[in-house]
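Me: Please take a close look at a single part of this model, the salt bridge, and set it in the context of the rest of the chain. I would welcome one connected account with the reasoning made explicit.

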Amino acid sequence: VEDALSPLTSGKERKLAARTLWASLHGITALAKSGKLDVVTDQTGRHMARHMVVNYLAGLAHHA
């Protein structure tokens, strides 16, 4: 993940960005797998994960 983020970040920021991205996806996946995602939203885990990744990467690109 860090390698994939290298065009958008560097050094410590890349490490933090990779871990933030991983933890966010892990949370969405854990909620979806446990059947608790519907407490948060009526969207699918796949839709939420895509939305989070697209917007997170757009934010990193904006600050690059």
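Reply: A residue is called buried when its relative accessible area is under 20%, exposed when that value is over 50%, and partly exposed in between. The model under discussion is predicted.

With that scale in hand, the salt bridge can be examined. E2 has a relative accessibility of 30% and therefore counts as partly exposed. Its partner, R19, has a relative accessible area of 43%, so R19 is partly exposed as well. The side chains of E2 and R19 meet in a salt bridge, with an N to O distance of 2.8 Å. This pair links distant parts of the chain: E2 belongs to helix 1 (residues 2-5), R19 belongs to helix 2, and 17 residues separate them. The count of salt bridges in the model comes to one.

Helix 2 also contributes to another surface feature. L31 is found in helix 2, and its relative accessibility of 32% places it between the two cut-offs, so L31 counts as partly exposed. Together with V39 and V40, L31 forms a nonpolar patch on the surface, and the accessible area of these residues together is about 290 Å².

The loop that follows helix 2 deserves attention too. T41 is found in this loop, between helix 2 (11-34) and helix 3 (45-63). Is T41 buried or exposed? T41 has a relative accessibility of 18%, and because the limit for a buried residue is under 20%, T41 counts as buried. A polar atom of the T41 side chain lies 3.1 Å from the backbone nitrogen of Q43.

These local details belong to a chain with three helices and zero strands, whose elements run α-α-α from the N terminus on. The C-alpha trace spans about 35 × 20 × 15 Å along its principal axes. Of the 64 residues in the protein chain, 19% are buried, and T41 is one of the buried residues. The protein chain exposes about 4800 Å², of which carbon and sulfur atoms supply 58%. Among contacts with a separation of 6 or more, 46% come from residues 24 or more positions apart.

In summary, the salt bridge joins the side chains of E2 and R19, connecting helix 1 with helix 2. Helix 2 also holds L31, a member of the nonpolar patch with V39 and V40, while the loop between helix 2 and helix 3 holds T41.

Methods. Residues numbered from 1 in each chain as written. Predicted model: local features only at pLDDT ≥ 70, side-chain atom pairs only at ≥ 80, totals over all residues. Heavy atoms only, no water. Helix = DSSP H or I, 4+ residues; strand = E, 2+ residues; numbered from the N terminus. Buried < 20%, exposed > 50% of the residue type's maximum accessible area, 1.4 Å probe, protein only. Polar contact = N/O pair within 3.5 Å; in protein donor to acceptor, adjacent residues only side chain to side chain. Patch = residues over 30% accessible without salt bridge, like charges linked within 9 Å, V, L, I, M, F, W, Y side chains within 5 Å. Areas by Shrake-Rupley, 256 points an atom, 1.4 Å probe, with all protein chains shown as cover. Salt bridge = Lys/Arg side-chain N within 4 Å of Asp/Glu carboxyl O. Contact = heavy atoms within 4.5 Å.
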